[in-house]
Amino acid sequence: MKGFEYLQEELDHMKEEGTFRKLVPLESEQGSKVVINGKEVIQLSSNNYLGLTSHPKMKEAALKAVEEFGVGTGSVRTIAGTLSMHEEFEKKLAEFKHTEACLVFQSGFSTNQGILSAILTDQDVVISDELNHASIIDGIRLTKAKRRIYKHVDLEDLEAALKETQEFRKRIVVTDGVFSMDGNIAPLPGIVELAEKYDALVMVDDAHASGVLGTNGRGTIDHFNLNGRVHIQVGTLSKAIGVLGGYIASTQTLRDYLIHKGRPFLFSTSHPPAVIAASSAAIDVLEEEPEHMERLWENTKFFKAGLKELGFNTGVSETPITPVLVGDDALAHKLSDTLLKYGVFAQGIAFPTVAKGKARVRTIVTAQHTKEELQAALDAFEKAGKELNII
Ligand code: PMP
């Protein structure tokens, strides 16, 4: 069919410069090893931090929910799509996060998209870290609020932003808890102190910290002992929790308000029973089986140290997300392809996901990896890195 030649031209250009990507279908269950093109390879690209995508207790909960409640809900939450299990799960999650209330959205992405546009008007300001996730950036695009982007984790620039905007009705400081591309942790104690000094709200997107940091994986707020001092915690059910979805953990007022004004919540069908039941079981697993998080951190330390020893530039990472920085977009994809040849699946990440000149292969270890698998992955990195003159 004719009509998309202008898009095809751009795609052809991407093919020429080596940045065109194909989706990589997995032919197996998610895990420390996966099957790609009929070959078993070590998985270093998933957000399945604790290996919960295949946890038996969660599978069992999901199957039981399907048996009892079917596969779908047939409606948005505000019409006929709220099952008692949605509300029970939200209460449980709020308790886990030490907040008053919680509200589940369809995804982490739609949570960030929905919240800022719902609670801010042109009388307000959103003050956002320059490396915040795309869903926060899109959420900001949807508000009529004034935007002020501050330099990455720069508290001086954040203070300047707070000083500049004192005449507005509300200011909200927004940051990722753990930055998804570099794996560094936001300086939350400093951010919260400044927000309190200048009477601003704080919102933290803890997508990559829930299940990873804090007591039993409660996230960065708990990690820094800031419970009760962060107004909005955003999380996902899609990463360490191993299923799908997003949520806010905050006050009852915010929950009630978003039920009325959060557009992705209002206009999109609610989660199927299996998703909620499995997510709920995941919270039990976090509370009852701390060994997964312990393994995750042991593996993180081992793998990060190994990459550094080989001479790779791993940037400022402090978490299981470890980037291998190479700079050039095409080289990042080349490294990824070479690693796959040697049995390791680690995706190249290039512009526009990261800035030009900051391309990388991003690795994420999980609790499921064995030491042998991680050592084999390091050996593959050594071979590929030498072959491409990166180390
Ligand atoms: N926030 C951050 C920081 C993320 O990394 C992601 C996932 N890429 C999201 C939000 C979106 O979450 P989800 O995949 O649940 O939509």
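Colleague: What makes the largest pocket a pocket, and not a cavity?

Modeller: On a 1 Å grid over the protein atoms alone, a pocket is an open set of points with protein on both sides within 12 Å along at least five of seven lines, whereas a cavity is a set of points where a 1.4 Å probe fits but cannot get out. The largest pocket holds about 830 Å³ of space, a volume being the space filled by probe spheres set on points that are joined across faces, edges and corners. Do keep in mind that this is a predicted model, in which local features need pLDDT of at least 70, side-chain atom pairs count only at pLDDT 80 or more, and totals for chains, interfaces and linings use all residues. Residues are numbered from 1 along each chain as its sequence is written, and side-chain values use heavy atoms, with hydrogens and water left out.

Colleague: How do you know which residues line the largest pocket?

Modeller: A lining residue has an atom within 4 Å of a point. The largest pocket has 37 of them, and L131, N132, S180, M181 and T353 lie nearest its centre. Elements giving two or more residues to this lining are α4 (108-119), α5, β8 and β13 (359-364).

Colleague: And which residues line the largest cavity?

Modeller: R77, H86, V104, F105, Q106, F265, S270 and H271 do. The largest cavity has about 50 Å³ of space, and the search of the whole structure finds one cavity of 30 Å³ or more.

Colleague: Why is β8 called mostly covered?

Modeller: Buried means under 20% relative accessible area, exposed over 50% and partly exposed in between, with a 1.4 Å probe and protein chains only. Strand β8 (residues 232-236) has five of its five residues buried. I232, V234 and T236 point one way, while Q233 and G235 point the other way. In general, side chains in a regular strand alternate between the two faces of the sheet.

Colleague: How do you know which strands pair with β8?

Modeller: Two strands pair if DSSP finds at least two bridges between them. Strands (E, at least two residues) and helices (H or I, at least four) are DSSP runs, numbered from the N terminus. Three bridges join β8 to the parallel strand β7 (residues 201-205), and four join β8 to the antiparallel strand β9 (residues 246-250). D205 is the partner of V234, and G235 that of Y247.

Colleague: What makes the crossover from β4 to β5 right-handed?

Modeller: With the strands pointing away from the viewer, the path from the first strand over the helix to the second must run clockwise. The chain goes from β4 through helix α5 (residues 134-141) to β5, and this β-α-β crossover is right-handed. Strands β4 (residues 125-129) and β5 (residues 146-150) are parallel over five bridges.

Colleague: Why is D199 called exposed, and what about H98?

Modeller: D199 has 61% relative accessibility, so D199 counts as exposed. H98 has a relative accessible area of 46%, so H98 is partly exposed. Phi is positive in both: near 55 degrees for D199 and near 60 degrees for H98. D199 sits in the loop between α7 (188-197) and β7, and H98 in the loop between α3 (84-96) and β3 (101-105).

Colleague: Where is P352, and what is special about the peptide bond before it?

Modeller: P352 is in the loop between β12 (348-349) and β13. The peptide bond from F351 to P352 is cis, with omega near 10 degrees.
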